Amino acid sequence: MKTSSGITVNLQELIRPEIRELRAYQSHLYPGVVKMDANENPFPWPAGMREALFREDIVFNRYPDSSARELKAAIAGYAGVSSDEILIGNGSDEVIQLILATFGGVGKAVVLHPPTFGMYDAAACVTATAVIRVPLRQGLYLDTEGVLAAASSPEVSTIILCSPNNPTGTLFERTELLRLVAETGKVIIMDEAYAEFSGESIIDEIRNHPNLLVMRTFSKAFALAGLRLGYLLGQATTIELVNRVKQPFNVNVFTQRAGIVAVRYLEKYQAQIAEIKAETARLAKALSEIPGFKVYPTQANFILFQPDDPDIWAEKLLASGFLLRHMGDLPVLGKCLRVSAGLPEENSAFIQAIRAIASERGAIKESEQ
Ligand SMILES: Cc1ncc(COP(=O)(O)O)c(C=O)c1O
């Protein structure tokens with residue numbers, strides 16, 4: 001590539017080698033479809049919350065509080081920790097990067113348990129952290145012995161565990177998780193993005209382990225995905241380390257205020273969570289009744305399943321107006337689709353659609369015999 005002054009610039013040579021292979025994240029827009037692809041809370045905010053947020057006196061011309069003091073006080077009450085045990089992020093996606101910017105980097109490695117959330121790999125790449133993969137065992141159990149063995153490598157600084165795991169929906173045994181925290185001597189990140197749905201958490205163990213960090217988000221149960229708000233919990237001395245790499249004004253004033261207001265509506269969210277759980281169970285049952293479908297048990301607000309031909313099913317469901325997440329060819333499992341619970345009426349329509357597609361496909365198969 002030549003500049004206007006005739007000098008040749010080779011951008012590929014100038015960027016870091018890891019970035020050469022990286023592709024920018026792309027989300028597709030499908031107007032008019034029912035979105036069941038991103039594990040969001042499908043309900044509108046609890047009644048009155050939007051008005052309450054817009055009534056707040058938010059100062060937009062000044063920088064936000066870089067320490068997000070009021071928001072931390074609200075989260076501290078919700079999570080049962082103290083304010084200095086919290087770091088606030090622009091979504092937990094940012095928090096993942098901050099963790100690896102702190103504990104990862106050249107010469108360091110992170111242990112992951114595929115199939116799991118894709119952003120861990122992306123953050124490892126951006127921070128030049130090596131990745132050691134210890135796949136889940138058949139039945140989607142955590143390979144605790146395998147993780148322990150991998151963690152004994154001196155370059156391993158960090159282990160990221162996701163429970164309930166995205167995309168499988170699996171909740172790992174607390175005793176197994178605690179074994180890793182107690183025995184590895186490495187930093188353990190527990191991603192609890194879906195903990196409000198499983199009702200299980202390891203936050204109460206933070207006081208016992210300086211190497212335990214728990215990551216949470218307002219994107220799922222709290223329906224704030226568009227505002228970008230995640231947080232990290234850990235002992236104050238550990239949080240202080242991650243705080244060193246955080247940009248001072250990473251979370252804007254509006255989002256900080258929305259988080260504070262959201263926590264006040266906890267009871268109303270709990271009603272939504274109960275309904276989402278019931279809807280997820282209804283979807284799982286309907287999926288498991290379709291011949292040829294393998295449906296994985298879930299403790300979250302989404303379901304991973306394997307239809308007879310995932311590519312065709314994803315296409316047909318999109319044509320019927322339902323956007324699911326095609327997970328690609330997953331380690332351990334192969335090609336799978338993931339569906340997030342929608343509104344009750346959307347789920348009913350989705351169930352009708354899968355039944356219609358299944359009978360259409362059944363009829364085609366019969367006529368081919
Ligand atoms: C396991 C897990 N962690 C983190 C995130 C990211 O959440 P946030 O919206 O807070 O960046 C997601 C989003 O899908 C997720 O599934």
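Why is strand E10 (residues 302–306) largely enclosed by the rest of the structure? In this predicted model, 5 of the 5 residues of E10 are buried, so the strand is largely enclosed by what surrounds it. Being buried here takes 20 or more other C-beta atoms within 10 Å of a residue's own.

Let's look at the two faces of the strand. Phe 302, Leu 304 and Gln 306 point one way from E10, while Ile 303 and Phe 305 point the other way. Residues on both sides are buried, Gln 306 as well as Phe 305.

E10 also has strand partners, and the table sets them out.

| Partner of E10 | Residues of partner | Sense | Bridges |
|---|---|---|---|
| E9 | 294–295 | antiparallel | 2 bridges |
| E13 | 334–340 | antiparallel | 4 bridges |

Individual residues show how these pairings line up. On the E9 side, Lys 294 has Gln 306 of E10 as its bridge partner. E9 and E10 form a hairpin, with 6 residues between the two strands. On the E13 side, Phe 305 has Leu 337 as its bridge partner. Gln 306 and Phe 305, then, are buried residues that point opposite ways from E10.

Now to the ligand. Around the ligand there are 13 residues, of which Gly 91, Ser 92, Asp 93, Thr 217 and Ser 219 come nearest. Helix H5 (residues 91–103) supplies the largest share of this shell, with 3 residues. By character, the shell divides into 7 polar, 4 nonpolar and 2 charged residues.

Note on methods
Residues are numbered from 1 along each chain as its sequence is written. This is a predicted model: local features need pLDDT of at least 70, side-chain atom pairs count only at pLDDT 80 or more; totals for chains, interfaces and linings use all residues. A residue is near a molecule or strand if its C-beta atom, placed from the backbone, lies within 6 Å of it. Ala, Val, Leu, Ile, Met, Phe, Trp, Tyr, Cys and Pro count as nonpolar, Asp, Glu, Lys and Arg as charged, and the others, Gly among them, as polar. A residue is buried if 20 or more other C-beta atoms lie within 10 Å of its own, exposed if 12 or fewer, and partly exposed in between; C-beta atoms are placed from the backbone. Two strands pair if DSSP finds at least two bridges between them.
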